[in-house]
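Hi,

Here is the structure I promised to pass on to you. Please open it alongside this email, and my notes on what turned up follow below.

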Amino acid sequence: MKQIGTGIAITGSGSATPATTLTNDGLSQIVDTSDEWIVSRTGICQRRLAVPAESLAVLAASAGREAIAMAGLEPSDLDLILLATSTPDDLFGTACLVQARLGAIQAVAFDLTAACSGFVFGLVTAAQFIRAGTYRNILLIGADVLSRWVDWSDRRTCVLFGDGAGAVVLQASDRDRLLGFELRSDGTQNSCLNLAYQPQSQSLLEDTLIGQGTFQPITMNGQEVYRFAVRQVPEVIEKALFRANLSVEQVDWLLLHQANQRILDAVATRLKIPPEKVISNLAKYGNTSAASIPLALDEEVRQGTVKPGDRIVASGFGAGLTWGAAVFEWGLK
Ligand code: UT7
């Protein structure tokens, strides 16, 4: 009997962004900021915003559809849909809505929340199902509409974020293209970056209180998050490369969560990775949270810059705090 492959191949990518663009000049009409400040401190020029009718499920399904097509699969071939998001349409989960939109009738679907690390955490989670021999075809989507949760009066945060979705297909293969990974969490630093639920005390009976409330807009200590990223991301990348038995020079592309160009530059400098190997599209989209890595990957793949067999080290970092890195070869089975 033929041995069923339990290696991982990443065979398709896709992405979707809303049509509405908000430029830095547009933002200057909302808060006291300027194009000059935003570009020099972050590298961001514009971001896309989802209109009210544009749900997370719509964006995620569009990205997913493209990735499935590139992988040469039908939606009904999927065994699992993993949706990495922090901004669900429904707190009970949005992955099932995506499953229904795609008509992926065989697929199990669930959400995974790890903020801006969601895509890398999702990649490793999906890989476990393939390595265990449980599933063969998995759609992993990173999608977020943080515009719903940004405090649009807070210039320290609202200039950073945008909406979007990106996706990849992982398939069981005889060769394993996921070469190494490392994931980390530190809840003691949770207060650095929050989108927290705030309960309001409500009395049902004399001795029965419940806490019904709402989620509060994003709060962030930008400098703390910046320091955390520049310190921890190079370290976690080195760990993932060590597990892959690879040196930094053997990597073709550095694909970081697209948070801030200064963070990308600082991490690349620390790792001695030249700028031409650093993938960056944050000027156009800002920080799209769980979407940023697969969105940037998909653009490079479709432009032909990232080619089958290219070795990529991807790293996500953000709220939780969470961070992680994965080394993989793109596109080959
Ligand atoms: O997925 C992870 C998500 N989070 C991140 O990646 C955030 C990481 N942190 C950062 O990217 C940077 O810390 C920021 C871009 C958020 C801020 O840049 P910074 O160089 O750390 O600026 P700062 O917070 O030290 O602020 C410098 C000055 C302050 O004015 P004063 O106190 O020096 O007079 C701020 O009030 O810039 C002011 N400022 C602004 N000015 C114009 C802060 N935001 C703005 C703004 N426009 N939008």
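**Pockets, domains and rings**

The second largest pocket holds about 480 Å³ of space. This is a predicted model, so please read everything here in that light. Lining that pocket are 22 residues, and those nearest its centre are Ser-86, Thr-113, Ala-115, Leu-195 and Ala-319. Sorted by class, the lining of the second largest pocket has 13 nonpolar, seven polar and two charged residues.

Where does this pocket sit relative to the domains? The domain assignment gives domain 1 (7–176) and domain 2 (180–188 + 219–329). The lining of the second largest pocket draws at least three residues from each of these two domains.

The largest pocket comes next, with about 650 Å³ of space. Its lining has 26 residues, among which Arg-156, Leu-160, Met-220, Gly-222 and Gln-223 lie nearest the centre. If you colour by secondary structure, look for helix H2 (35–42), H6, H7, helix H8 (261–271) and strand S14 (311–318): these are the elements that give two or more residues to the lining of the largest pocket. H7 gives the most, with four residues. By class, the lining of the largest pocket has eleven nonpolar, ten polar and five charged residues. Here too, domain 1 and domain 2 each supply at least three residues to the lining.

As for the domains themselves, the C-alpha centres of domain 1 and domain 2 lie 16 Å apart. In the contact count, 44 residues of domain 1 are in contact with 39 residues of domain 2.

There is also some enclosed space to look at. How many cavities of 30 Å³ or more does the count give? The count comes to one cavity of 30 Å³ or more, and the largest cavity has a volume of about 30 Å³. Arg-184, Gln-232, Glu-235, Val-236, Lys-239 and Trp-323 line the largest cavity. Helix H7 (residues 222–243) contributes the largest share of that lining, four residues. By class, the lining of the largest cavity has three charged, two nonpolar and one polar residue.

Finally, the aromatic side chains. The structure holds four aromatic pairs. In one of them, Trp-149 and Phe-215 meet edge-to-face, at 6.0 Å centre to centre and with 75 degrees between the planes. Trp-149 lies in the loop between strand S6 (137–145) and helix H6 (155–158), while Phe-215 lies in strand S11 (residues 208–215), so this pair ties together parts that are 66 residues apart in sequence.

Phe-215 also pairs with Tyr-197: the ring centres are 5.3 Å apart and the planes stand at 65 degrees, so this pair is edge-to-face. Because Tyr-197 lies in strand S10 (residues 197–205) and Phe-215 in strand S11, the pair ties together parts that are 18 residues apart in sequence. Trp-149, Tyr-197 and Phe-215 form one aromatic cluster.

Are the members of this cluster buried or exposed? Trp-149 counts as partly exposed, at 27% relative accessibility. Phe-215 is partly exposed at 30%, and Tyr-197 is partly exposed as well, with a relative accessible area of 38%.

Happy to go through any of this with you.

Best wishes

Notes. Residues numbered from 1 in each chain as written. Predicted model: local features only at pLDDT ≥ 70, side-chain atom pairs only at ≥ 80, totals over all residues. Heavy atoms only, no water. 1 Å grid on protein atoms, 1.4 Å probe; cavity = no way out; pocket = protein on both sides within 12 Å on 5 of 7 lines; lining within 4 Å. Points joined across faces, edges and corners; volume = space filled by probe spheres on them. Nonpolar A, V, L, I, M, F, W, Y, C, P; charged D, E, K, R; others polar. Phe/Tyr/Trp six-rings, centres within 6.5 Å; stacked < 30°, edge-to-face > 60°. Buried < 20%, exposed > 50% of the residue type's maximum accessible area, 1.4 Å probe, protein only. Domains from an automatic or database assignment. Contact = heavy atoms within 4.5 Å.
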